[in-house]
Amino acid sequence: MTAKILDGNWFAGQIRERVRNEVVSLQQELGITPGLAVIIVGDNPASQVYVNRKHKACGETGIHSVVIRLAEQTTQNELLQKIEELNRDGSIHGILVQLPLPAHIDEMVILQAISPAKDVDGFHPFNMGSLAAGRELLVPCTPAGIVRLLEMAGIDLEGKRAVIIGRSNIVGKPMALLLLSRNATVTVCHSRTRELAAIAREADILIAAVGKPGFVKPEMVKPGAVVIDVGINRVEGKLAGDVDFPAVREVAGAITPVPGGVGPLTISMLLANTVKAVRLLQPTAGVK
Ligand code: NDP
């Protein structure tokens, strides 16, 4: 059996179309153009690429976007002041600080300074806590994009065994919460997990967010399973996922490729979160 390829670019395009329509209706209904501010500190080349992509995607969907480029030696206080300014700026509905930050800046302090209502990355403890309590406000973009993909692909989650490899705050943990609230039976694996291959092989839905190229081998996959590859690794100048794609493709029922799988969905969900933030900021939404 050769797996069906879940084309992330196609699903991302569908989400962007909805965002574009939502931008138009926000302008018509409320006279508001959604605004996103992206802050980048230093000149990490990969971060520059991501930020440019986000800026371009905003332009394509009618979202007003501002990129704030700060020098590597920017102090934590200077960055906090910038965030405070954006928290108060009525034309900005979403604030994103591109990670990683230089080592002299405490990431947690910065993420907590962003107003939860403008936290389009969904990393603020308020949004994380809400998610854990079963209330999905601004949800981290990568796992939110995966859920959208599964829904749009008509993959039923109810009662399914889902195994996530990786427990990071940005992917693994929120992914587990999202699947749990959709009634999947969820197992989260990590570097200390024993019998990982056997656990993975029980999954109807296997999500790999490990950061190790080709980590998921065909013998770890139940025949017919849905395999979602979150990994973005560079191998000899090329992008590679966490899944041994050519081999796993022969066992799985459906699989996301790298590139062209989860990556495009992440950016689309950032746009979706920015328009969602506009709604959440309305006085009736109850989020300040
Ligand atoms: P982290 O490095 O924060 O987390 C990796 C996780 O994998 C950890 O929980 C770690 O376990 C676990 N792990 C590492 N080695 C093993 C092992 N041998 N066996 C089992 N588990 C292991 O990574 P992220 O979650 O931030 O990202 C994961 C991957 O996804 C990366 O390749 C990243 O580039 C990519 N990514 C892609 C995105 C996209 O848009 N497509 C967005 C975000 C990330 P432990 O906790 O025990 O250390």
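Modeller: Domain bounds here come from an automatic or database domain assignment. For this predicted model, that assignment gives domain 1 (30-115) and domain 2 (141-263). The C-alpha centres of domain 1 and domain 2 lie 29 Å apart.

Colleague: What does UniProt list for residues 6-121?

Modeller: An unreviewed UniProt entry has "domain: Tetrahydrofolate dehydrogenase/cyclohydrolase catalytic" there. In the model, the chain over residues 6-121 is 52% helix and 16% strand.

Colleague: OK, on to the sheets. What makes strand 3 and strand 4 edge strands?

Modeller: Go by the order, which is 3-2-4 in an open sheet of three strands with parallel pairing. Strand 3 (64-70) and strand 4 (94-97) each pair on one side only, and that puts them at the edges. From one strand to the next, the twist averages 15 degrees.

Colleague: How do you know that strand 2 and strand 3 are paired?

Modeller: Two strands pair if there are at least two bridges between them. Strand 2 (residues 35-41) and strand 3 are joined by seven bridges, so they pass, and they run parallel. For a spot to look at, Ile40 stands opposite Arg69 in strand 3. Helix 2 (residues 45-61) packs on that sheet and touches strand 2 and strand 3, its direction making about 170 degrees with that of strand 2.

Colleague: Why is helix 6 called largely enclosed?

Modeller: To be buried, a residue needs 20 or more other C-beta atoms within 10 Å of its own. Nine of the 12 residues of helix 6 are buried, so the rest of the structure largely encloses this helix. Among them are Cys141, Pro143, Ile146 and Leu150. The cover includes helix 1 (8-30), helix 7 (172-181) and helix 10 (262-281), along with strand 7 (205-208) and strand 8 (226-229).

Colleague: How do you know that the length of helix 6 agrees with what it should span?

Modeller: The expected span is 1.5 Å times one less than the number of residues. For the 12 residues of helix 6 (residues 141-152) that comes to 16 Å, and the end C-alpha atoms are 16 Å apart, so the two agree. Just after helix 6, Gly154 takes a positive phi of about 70 degrees.

Colleague: And what leaves one side of strand 1 and strand 6 without a neighbour in the sheet?

Modeller: This is the open sheet of six strands, order 1-11-8-7-5-6, with parallel pairing. Strand 1 (4-5) and strand 6 (185-189) each have a single partner strand, so one side of each has no neighbour in the sheet. Helix 7 packs on this sheet, touching strand 5 (161-165), strand 6 and strand 7.

Conventions
Residues numbered from 1 in each chain as written. Predicted model: local features only at pLDDT ≥ 70, side-chain atom pairs only at ≥ 80, totals over all residues. Helix = DSSP H or I, 4+ residues; strand = E, 2+ residues; numbered from the N terminus. Axes fitted to C-alpha atoms, helices over the stretch in contact; angles between N-to-C directions. Contact = placed C-beta atoms within 7 Å. UniProt positions renumbered as here; feature names shortened; annotations may be inferred.
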